[in-house]
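Visitor: I would like a close look at a single part of this model, followed outward to whatever else can be said with care. Please take your time over it.

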Amino acid sequence: MSIAFHAERQSFKLDTAGSSYIIKIHHNGFLSCVYYGAYIPDDNLTDFERRHVYASFSAWPPGTEPYTFTPDTCPMEIGCNGGCDMRQSSVRVRNADGNAVSDFRYVSHRIEAGKPAIPGLPALYENEPGDCETLVITTRDETTGAEMDLYYTVFTKHAAMTRAAVIRNASDKDLEIEQALSFCLDLNRSDFDLISLHGKHMQERDFCRRPIGHGIQGIYSRRGSSGHQFNPFIALIDRSGNEDRGGAYGFNLVYSSNFKALTEVDYNGSTRVIMGLGDDDFGWRLAPGESFYTPEAVLVYSNEGLGGMSRTFHRLYNENLVRGDWKRRHRPLLINNWEGTYFDFDEEKLFAIAKWAKETGLEMFVMDDGWFGKRDDDTSGLGDWFVNENKIHGGLPALVKRVKDLGLKFGIWFEPEMISPDSDLFREHPDWAIHVPNRPSSIGRHQLILDMTREDVRDYIFGRMYDIISSTGADYVKWDFNRNMTEAGSALLPPDRQKEFYHRYILGVYALIDRLLTAFPHLLLEGCSGGGGRYDPGMMYYSPQIWCSDNTDALSRVDVQFGSSLCYPASVQGAHVSASPRASYETKRNVAMWGSFGYELDPAKISEEARAEIRTQIADYHRYYDLIHFGDLYRLISPWDDPYKAAWQFVDPEKTETLVTVLIKFMMRERNFFLRLKGLDPDAYYRLDENGEVYSGALLMNAGLNLSFMPNEDGFSKTFHFTKVEA
Ligand code: DGJ
């Protein structure tokens, strides 16, 4: 059994495929985390339940004998605001009396097979019966009548669990939720390093590792999207831990808007981790009988360092997050015209690209920005989702038919959430743009954002997208989002509900995408936000691939891919070969093959040699598709460890083949280079494709590949493919 309740000890034990989590119900109804970490067989942790109680100034809650218990020093499952627990709170509910004190205590629980969906929000799901089990603990604040259900789902095939909460107003007065995080977790130690992913446009998900210490450290977004600047992911790893060794906890929020993730080391040396939707400028009015659902957070534990943690996330997301028609299907090898033409194209130029793509062996043509409204640059046209016949003479269906007659699929770009001030849509409906009264709106990339909290706005955009997709038979949509949110308010929300705006906005976006995918269940959606500005599991639930970065220079983009791999599998990572000048086409291909692969160039603008080279590149992508998308990733040399070179490796789950890629970013100073592989069967033998040499797995993992005589040139790269042979 994955979740067990011990009535006598009043504790729960939640086991995943590799971790245990133990919760204690105290005599006074408070809930504590007694243990979370590697799987342990023991379920009697009575000795671990005891914590130092007396601490000068800490208070004990009503109904508790003095000096026997205080939430201030206990590992709490809920960080209640306004009571004895003085650390960062995870929930704050303001009541009709005007105060925001809450005191949620255990009422009841139930254990269910499977995993319930979260209304309106993306969430991991059960693949087949037996995959998941869920514990729901109901708690109640007697004074206000607020109730909070804590949801814990364990995965039986992965060392992973999810946590979320539902706050219910079981009173007869309105409540105001000011903070509703997805979880609060108190670990018994603080000897961890914190890892997070930061960045900016063109340089997303850079790796940052630092020791945690007393006080607060963390990341957040207030941009109205998860953002380029911080990904909604953090990890805590043992100080001595590394890529292969040590305990590593990974936390990831399934949400695409404002968030926060904090660690706090308290005065007793424990570490609190909280994560959830951002509570700056957040509020939610909850009428009697209403419920509020938090997004869910994913918690992964690995005893095999960061590598093990990442592989668990990858398998989990491939199996239990990505969904729909394209889940495990080979996605079409595409060519996108953006970097090839930008806004400067007509139907003949596009058709010429498509024709070359077909002759070269590609499978889909994607028409990017600029095909609609008045859109010759980025200053106008967003919202006017009608084809611009001055560019696409003869209309869209005619162009799409020509492309499809070649035997290609057709994809199309939209930025559905945006509106240009210079657009017919804005002239007709200025109040459809988000704004606040009496204050001019700031412009980002010359555009405003549509108010997705409004049903009429969503209906209109759905109608336009529906018309375009159904009249052309488009197979793929690239869904872009190109600015941060400012002056965030809706013309339809009353003043006392404007604080609900950010969350209502993303709920509106999710509803719109869901409606589109229901109408077109075979549509392949590629998420995008100026590259990877909304590269989060919330979006991955809808779009099985996301354009990872606008940076297509292989030598620097590879760093973005390394950072992204901390949490996200190769299958979700849109990665293209472009005409960027710094690397050879072979290197660009080798880097882009680590993802959902494609080309982004105008073949008329590259050399005949480059075109010929591309023709030879495609077979390998098909050949290694499953290995890369669904195999296990080993980061052999990461940019955060070595500025000169990078190496990564995929191994199939049965350990019968492996693909190793080595990249020299800058000429190495030290010439002895033995690359030790990972994840192979030490007792098996593997043949290297290129020369037929056979090596034992043990040799490859211990002595390594001797690369000392490989060309030591900036931008040189090489792949090595090994197949297991009978000894
Ligand atoms: C930003 C995206 O990341 C690019 O790939 C491209 O689609 C442009 N927007 C188009 O405006």
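Guide: Two strands are said to pair if DSSP finds at least two bridges between them. With that criterion in hand, and bearing in mind that this is a predicted model, we can turn to strand 11, which covers residues 192-200. Strand 11 pairs with strand 12 (residues 203-211) in the antiparallel sense, over 7 bridges, and in this pairing K200 stands opposite Q203 of strand 12. The two strands form a hairpin with 2 residues between them, and one residue in that turn, M202, has a positive phi of about 75°.

Strand 11 also has strand 14 (residues 230-238) as a partner, again in the antiparallel sense, here over 6 bridges; in this pairing S196 stands opposite I234 of strand 14. As for its surroundings, strand 11 is mostly covered, with 7 of its 9 residues buried.

Burial can be followed into other parts of the model. I177 has its place in strand 10, which spans residues 175-187, and because its relative accessibility is 0%, I177 counts as buried, the cut-off for that word being under 20%. From I177 to D681 there are 504 residues in sequence, and their C-alpha atoms are 53 Å apart in space. Helix 10, made up of residues 554-564, has 9 of its 11 residues buried, so the helix is largely enclosed by the rest of the structure. The buried residues of helix 10 include A554, L555, R557 and V558, and also V560, Q561, F562, G563 and S564.

The ligand is another place to look closely, and it sits in the largest pocket. There are 13 residues around the ligand, of which D368, D369, K478, D480 and D550 come nearest. For D480, a polar side-chain atom lies 2.7 Å from a nitrogen atom of the ligand. Oxygen atoms of the ligand also have polar partners: a polar side-chain atom of R445 lies 2.9 Å from a ligand oxygen, while an N or O atom in the side chain of W413 is 3.1 Å from an oxygen atom of the ligand. Taken alone, the ligand exposes 300 Å², and the protein buries 98% of that area.

Technical notes
Residues numbered from 1 in each chain as written. Predicted model: local features only at pLDDT ≥ 70, side-chain atom pairs only at ≥ 80, totals over all residues. Heavy atoms only, no water. Buried < 20%, exposed > 50% of the residue type's maximum accessible area, 1.4 Å probe, protein only. Helix = DSSP H or I, 4+ residues; strand = E, 2+ residues; numbered from the N terminus. Near = heavy atom within 4 Å. Polar contact = N/O pair within 3.5 Å; in protein donor to acceptor, adjacent residues only side chain to side chain. Areas by Shrake-Rupley, 256 points an atom, 1.4 Å probe, with all protein chains shown as cover. 1 Å grid on protein atoms, 1.4 Å probe; cavity = no way out; pocket = protein on both sides within 12 Å on 5 of 7 lines; lining within 4 Å. Sits in = over half its atoms within 2 Å of the grid points.
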